[in-house]
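Welcome, and please have your viewer ready. We will walk from one selection to the next, looking at charged side chains along the way.

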Amino acid sequence: MINILMIEDDTELAKILTAYLKQYNIHVTNYETPELGISALSLKKYDLIILDLSLPNIDGIEVCRIIRKRHDIPIIISSARSYLGDKIACFSYGADDFMPKPYDTQELILRIKSILKRCNHQIVENESSLNKKQIFSFDDAKMEVYKDGALLDLTNAEYYILQYLILKNGFVVSRQELLTNVESIKYESTYKSIDVLIGRVRNKIEENSKKPKYILSIRGVGYKLVNQ
């Protein structure tokens with residue numbers, strides 16, 4: 001099993017990512033503060049670190065510098081801060097990779113594998129799980145979404161909302177995030193209009209829209225797509 005130490009103060013994101021990576025024989029231990037994360041490295045052996053930049057008390061760039069000074073361990077920066085200056089600083093302090101949020105969870109797994117192989121770490125993984133076929137895919141140029149290779153009949157609004165959920169596969173997406181980031185949905189729209197639109201999409205992709213297995217409702221937060 002791969003053991004990863006994560007320093008991430010977004011507890012909801014950490015919880016979702018921990019549960020997701022567990023499917024691939026990757027165990028994640030998250031610390032919400034940089035002080036606890038840095039201390040944990042001296043108490044237990046980890047294979048890799050996933051480090052956020054916007055942390056309480058100590059900025060993630062400084063945390064990266066401290067860790068690299070004390071430990072020879074691969075570091076993946078995971079942050080919504082995508083300024084070139086931040087990236088340059090992280091790499092100059094020894095980070096091995098930088099993944100701007102939001103990112104695809106499958107891509108994260110592939111990058112973890114690549115870094116560990118490059119660093120000569122032994123990787124034990126569930127290949128059958130890693131190679132699970134994605135149910136939904138999309139062609140952005142054609143504005144088309146496919147379920148198991150079959151083209152779905154979607155309106156523009158339905159296409160864009162489902163496309164966004166596919167891109168955020170495995171992560172919970174709030175209604176506010178959908179209003180802000182999904183094309184063809186006016187910012188002035190209400191949460192109720194998002195729910196109605198999700199219901200229309202469910203009618204087209206679910207065997208039973210009353211008991212959905214692909215677009216799940218996360219009470220009090222929003223929705224999550226299950227793409228396997």
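## A tour of the charges

Start by selecting R200, which is partly exposed because its relative accessibility is 36%. The terms run as follows: buried is under 20% relative accessible area, exposed is over 50%, and partly exposed lies in between (1.4 Å probe, protein chains only). Before moving on, note that this is a predicted model, where local features need pLDDT of at least 70 and side-chain atom pairs count only at pLDDT 80 or more, while totals for chains, interfaces and linings use all residues. Residues are numbered from 1 along each chain as its sequence is written, and side-chain values use heavy atoms, with hydrogens and water left out.

Now add E158 to the selection: its side chain and that of R200 form a salt bridge at 3.0 Å, N to O. (A salt bridge here is a side-chain nitrogen of Lys or Arg within 4 Å of a carboxyl oxygen of Asp or Glu.) R200 sits in helix α9 and E158 in helix α7 (residues 156–167), so the pair ties together parts 42 residues apart in sequence. E158 counts as buried, at 2% relative accessibility. Helices are DSSP runs of H or I with at least four residues, strands are runs of E with at least two, and both are numbered from the N terminus.

Stay in helix α9 (residues 191–205) and pick R202. Which side chain of opposite charge is nearest to R202? It is E206, 4.9 Å away, and R202 is buried yet has no salt bridge. (Lys and Arg count as positive, Asp and Glu as negative; His and the chain ends are not counted.) Show the backbone of I215 too: the side chain of R202 reaches the backbone oxygen of I215 at 2.8 Å.

Next, select K213 and E207, a salt bridge whose closest N and O atoms are 3.9 Å apart. K213 is partly exposed at 46% relative accessibility, whereas E207 is exposed at 57%. Then bring up E8, D52 and K101, which salt bridges with shared partners join into one network.

Zoom in on D52 and K101, where the closest N and O atoms of the salt bridge are 3.6 Å apart. D52 belongs to the loop between β3 (48–51) and α3 (60–70), and K101 to the loop between β5 (97–100) and α5 (105–118), 49 residues apart. D52 is buried, with 5% relative accessible area, and K101 is partly exposed, with 23%.

To finish, how many salt bridges are there in the whole structure? A full search finds 14.

Notes:
Polar contact = N/O pair within 3.5 Å; in protein donor to acceptor, adjacent residues only side chain to side chain.
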